Amino acid sequence: MVEISGEMVDNIILQEIQDTKEMLTEQLERVKLNGKGDVFDLDVKTDIKLIKKHIEACDLIYKYYGGK
């Protein structure tokens, strides 16, 4: 068993949130470019809206865990 500090856990969480946001941003650009929804919804407008909401959620959670 390996013990890690709370700060280390927070740093791992921050990195995962950053990675998720980057992935969502890439998916958003792909959906816009292709004109097809394929991440959360098949309707392109709905998909774009949902991807943007998830990106905003990443920003909110990132700040909660101490990210800037």
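Author: Welcome! A helix here is a DSSP run of H or I with at least four residues, and helices are numbered from the N terminus. Please keep in mind that this is a predicted model.

Reader: Thanks! Which residue follows α1, and what is its phi?

Author: Helix α1 covers residues 6–34. The residue after α1 sits in the loop between α1 and α2, and at 44% relative accessibility this glycine counts as partly exposed. The residue is G35, and its phi is positive, near 70°.

Reader: How far does α1 reach from its first C-alpha to its last?

Author: Happy to work that through. The expected span is 1.5 Å times one less than the number of residues, and α1 has 29 residues, which gives an expected 42 Å. The model comes close to that expectation, with a reach of 42 Å.

Reader: Which element do the buried residues of α1 pack against?

Author: Let's start with the residues themselves: L14, I17, L24, Q27, L28 and V31 of α1 are buried, each being under 20% relative accessible area. Their packing partner spans residues 44–64. That partner is helix α2.

Reader: How many residues make up the largest nonpolar core?

Author: From α1 and α2, the elements that give two or more residues each, the core draws its main groups. Its members include L14, I17, L24, L28 and V31, together with I48, I51, I55, C58 and Y62. Counted in full, the core holds 10 residues.

Reader: Let me zoom in on I51. What is it in contact with, apart from neighbours within four places in sequence?

Author: I51 is itself a member of the largest nonpolar core. Leaving aside its sequence neighbours, its contacts are L24, Q27, L28, V31, V39 and F40.

Reader: Which residue meets K21 in a salt bridge?

Author: The structure holds two salt bridges, and in this one the N to O distance is 2.6 Å. It links distant parts of the chain, from K21 in helix α1 to a residue in helix α2, 38 residues apart. K21 is partly exposed at 30% relative accessibility, and its partner, partly exposed at 28%, is D59.

Reader: And how far apart are the closest N and O atoms of R30 and D38?

Author: Both residues count as partly exposed, R30 at 33% relative accessibility and D38 at 46%. The pair forms a salt bridge, which needs a nitrogen within 4 Å of a carboxyl oxygen. Here the closest N and O atoms are separated by 2.8 Å.

Reader: What about D47: how far away is its nearest side chain of opposite charge?

Author: D47 belongs to helix α2 and is buried. Among its contacts beyond the sequence neighbours are V31, G37 and D38. A salt bridge requires a distance within 4 Å; D47 has none, as its nearest oppositely charged side chain, R30, is away by 6.3 Å.

Reader: Is the ring pair of Y64 and Y65 stacked or edge-to-face?

Author: A pair of aromatic rings is described by the distance of the centres and the angle of the planes. A search of the whole structure finds one aromatic pair. Y64 is exposed at 67% relative accessibility, whereas Y65 is partly exposed at 29%. Their ring centres are 5.2 Å apart and their planes stand at 90°, so the pair is edge-to-face.

Reader: One last check: what distance separates the C-alpha atoms of G35 and K45?

Author: G35 lies in the loop between α1 and α2. K45 comes 10 residues apart from G35 along the chain, and their C-alpha atoms are separated by 8.8 Å.

Note on methods
Residues are numbered from 1 along each chain as its sequence is written. This is a predicted model: local features need pLDDT of at least 70, side-chain atom pairs count only at pLDDT 80 or more; totals for chains, interfaces and linings use all residues. Side-chain values use heavy atoms; hydrogens and water are left out. Buried means under 20% relative accessible area, exposed over 50%, partly exposed in between (1.4 Å probe, protein chains only). Contact means heavy atoms within 4.5 Å. A nonpolar core is a set of buried Ala, Val, Leu, Ile, Met, Phe, Trp, Tyr and Cys residues joined through side-chain atoms within 4.5 Å. Lys and Arg count as positive and Asp and Glu as negative; His and the chain ends are not counted. Rings of Phe, Tyr and Trp (its six-membered ring) pair if their centres lie within 6.5 Å; planes under 30 degrees apart count as stacked, over 60 as edge-to-face and the rest as tilted.
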